[in-house]
Amino acid sequence: MPGFPETIAIVGVPGVGKTTLCRILSEKLNHTFINYGELMLEVAGERGLAGTLEELFSLPMDLQHSIWREAAHRVSEMKGVLVDLHGLDRSPLGYLVSLPVEFITPDLIIILESDPLDILRRRIADSKRRMHDTPSSLMEHMELLRTAMFVCAALMGSIVSVVENRTPEGAASEITEIIKAAEELEILRG
């Protein structure tokens, strides 16, 4: 369909609900759902470097970066893809933009947000969470993510929108409406 987004990036801090939303949205849009962390783990596994996310994120930064680049290259060759990734990661070095703009140019970047206390509750309930935040450090991460994604969108010519994740179904409907409006205005590249 002309004007329909071929690549959509759903970004947000860990625990905001990206994966649940992406599963719902990929069915609605008939897009392939890619969890970027899982794709990186697949690449690391093929190289015999890691079998779990914990092992992957324990690798030296240069190896993680190589894996990140290979995953980005794979996504760049796909059409009709919905990519679930953080967009901005906190590391011992500070914050790093994790949207691979050198390889992937999303038609649409959705910044998924939720109340920080809800995010912290989700993280407590999920044993896989690696992040330990306070409400104020989480707010800082969310604010910096917004800034980083708006800069990336401006440089790439992508549409960017902020969506509140009150419920995954509601967020999916809101994103569908954003896509319809962009199609009507003929502002999508796809």
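These notes go through charged pairs, a buried acid, a surface patch and a loop residue in a predicted model.

1. D84 is the place to begin. This residue lies in strand β3, which covers residues 81–85. D84 is buried, yet has no salt bridge. The nearest side chain of opposite charge belongs to K18, 4.4 Å away. A salt bridge needs a nitrogen of Lys or Arg within 4 Å of a carboxyl oxygen, so K18 at 4.4 Å does not count as a partner of D84.

2. What does the side chain of D84 meet in a polar contact? The partner is the side chain of T19, and the contact is 2.6 Å. Leaving aside residues up to four places away in sequence, D84 touches I10, K18, T19, C22, F33, I34, N35 and Y36. K18, the nearest side chain of opposite charge, and T19, the polar partner, are thus both among the residues that D84 touches.

3. Salt bridges elsewhere: the structure holds 10 of them. Side chains of opposite charge can pair when their charged atoms come close. Three of these pairs are taken up in the next points, each within a helix.

4. E70 and R74 form a salt bridge with an N to O distance of 2.9 Å. Both sit in helix α4 (residues 61–76), and because they are 4 residues apart, about one helical turn separates them. E70 is partly exposed, at a relative accessible area of 25%, and R74 is also partly exposed, at 24%.

5. D118 and R121 are joined by a salt bridge of 2.6 Å, N to O. The two residues belong to helix α5 (residues 116–125) and stand 3 residues apart, about one turn of the helix. D118 is partly exposed, with 33% relative accessible area.

6. In helix α7 (residues 168–184), E177 and K180 are 3 residues apart, which means that about one helical turn lies between them. Their side chains meet in a salt bridge of 3.6 Å, N to O. Both ends are partly exposed: E177 has 48% relative accessibility and K180 has 40%. Which residues are joined into one network by salt bridges that share partners? They are E42, E46, E70 and R74, so the pair E70 and R74 of point 4 belongs to a network that takes in E42 and E46.

7. On the surface, M61, L93 and L96 make a nonpolar patch of about 310 Å². L96 is found in strand β5 (residues 94–97) and counts as partly exposed, at 34% relative accessibility. A residue needs over 30% to be part of a patch, so L96 with its 34% qualifies on that count.

8. L93, one of the patch residues, also takes part in a contact through its backbone. The side chain of S91 reaches the backbone nitrogen of L93 at 3.0 Å. S91 is found in strand β4 (residues 88–91). Is S91 buried or exposed? At 16% relative accessibility, S91 counts as buried.

9. The last point concerns backbone geometry. Most residues other than glycine have a negative phi. N30 has a phi near 60°, a positive value in a residue other than glycine. Where is N30 placed? N30 is in the loop between α1 (18–29) and β2 (32–35). N30 is exposed, with a relative accessible area of 70%.

Note on methods. Residues are numbered from 1 along each chain as its sequence is written. This is a predicted model: local features need pLDDT of at least 70, side-chain atom pairs count only at pLDDT 80 or more; totals for chains, interfaces and linings use all residues. Side-chain values use heavy atoms; hydrogens and water are left out. Buried means under 20% relative accessible area, exposed over 50%, partly exposed in between (1.4 Å probe, protein chains only). Lys and Arg count as positive and Asp and Glu as negative; His and the chain ends are not counted. A polar contact is a pair of N or O atoms within 3.5 Å; within protein, one must be able to donate a hydrogen and the other to accept it, and residues adjacent in sequence count only if both atoms are side-chain atoms. Contact means heavy atoms within 4.5 Å. Patches are made of residues with over 30% relative accessible area and no salt bridge: like charges are joined within 9 Å, nonpolar side chains (Val, Leu, Ile, Met, Phe, Trp, Tyr) within 5 Å. Accessible areas come from the Shrake-Rupley method with a 1.4 Å probe; for residues, only the protein chains shown count as cover.
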